[in-house]
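This briefing introduces one structure to a new reader. It covers a pair of helices, the surroundings of a ligand and a record annotation.

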Amino acid sequence: APPHGDKSAEVKEEAAAAVSSVDNRPISTILFIVEALPLVKKFQLTEDLNSVFPKGVPWVRFYGNYKGLTVNIVCPGKDPALGVDGVGTVSASLVTYASVQALKPDLIINAGTAGGFGAKGASIGDVFISSEVAFHDRRIPIPVFDIYGVGSRKAFATPNLLKELNLKVGKLSTGDSLDMSPMDEASIIANDATIKDMEGAAVAYVADLLKVPAIFVKAVTDIVDGDKPTPEEFLENLVAVTAALDQTATQVVDYISGKCLVEL
Ligand code: ADE
């Protein structure tokens, strides 16, 4: 304890205590939650064949050491019945929960694709960091349940990382559909979103429950308020945009390496 009367030491000690103990230690374990796997090759990770997940689930984990960090990349894998990637909020929340329980990460990075709103400044190939995430397809018009449904949460703030990497910043709105119904559109506008995806707010919900800081790195594959049909535009740009996301994800991890949470 500080000597009596040493006010400044006392204040400093309180400030340090307010930051959880991991915040001023270098980040050691990070967990990427991704929709699909192309991110993996950059970090030279290996697949976990003795899965930390329940037997039989399609969830996939790659892990390894990259620049002093334990990097995990987890994705829902292929739907067992249909063989397509397990996109959407249900599988995203399950893999996030199971991964945090098993891996105890210091930081979650939800990386993936998103639709962008041209009117809000999004272009194909932009990579955004989301300041806030919320749902646009959970409409419950009863007092307080309405706010619960929207489920708005702030991302972990990374002002220095944003400055260093010169990334765009915008709010992210999440729903379980690739298309956008008129009611979804009204909610997305109410959420003041620049981009829309199918996982972010679900990952944020679990991260908040388990008290793990989370950031959202989203690359724009299609312009929602443009004139091309979303499925075609998405598939047309997917390969090129994945490369952009991959590059930004690497820059983000390079920046994180050797730093504490409070330095991001
Ligand atoms: N991922 C990529 N494009 C998307 C869109 N338009 N809506 C939801 N998720 C997306």
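**Helix pair**

H2 passes H6 in a right-handed crossing (the near helix is turned clockwise from the far one by less than a right angle; anticlockwise would be left-handed). This is a predicted model, in which local features need pLDDT of at least 70, side-chain atom pairs count only at pLDDT 80 or more, and totals for chains, interfaces and linings use all residues. Residues are numbered from 1 along each chain as its sequence is written.

- The axes of H2 (residues 89-103) and H6 (residues 200-209) come within 8 Å and cross at roughly 30° (axes are lines fitted to C-alpha atoms over the stretch in contact, with angles from 0 to 180 degrees between N-to-C directions; helices are DSSP runs of H or I, at least four residues, and strands are runs of E, at least two, numbered from the N terminus).
- H2 is therefore roughly parallel to H6 (angles under 35 degrees).

**Ligand shell**

- Residues around the ligand (C-beta atom, placed from the backbone, within 6 Å) include Lys196, Asp197, Asp222 and Phe234.
- Strands E5 (107-116), E9 (195-197) and E10 (214-223) and helix H7 (230-256) each give two or more residues to this shell.
- E5 supplies the largest share, three residues.

**Record annotation**

- UniProt, in an unreviewed entry, places "domain: Nucleoside phosphorylase" at residues 51-251; such annotations may be inferred rather than shown by experiment.
- The span 51-251 is 34% helix and 27% strand, and its end C-alpha atoms lie 28 Å apart.

Definitions and conventions
Angles under 35 degrees count as roughly parallel, over 145 as roughly antiparallel, 65 to 115 as roughly perpendicular and the rest as oblique.
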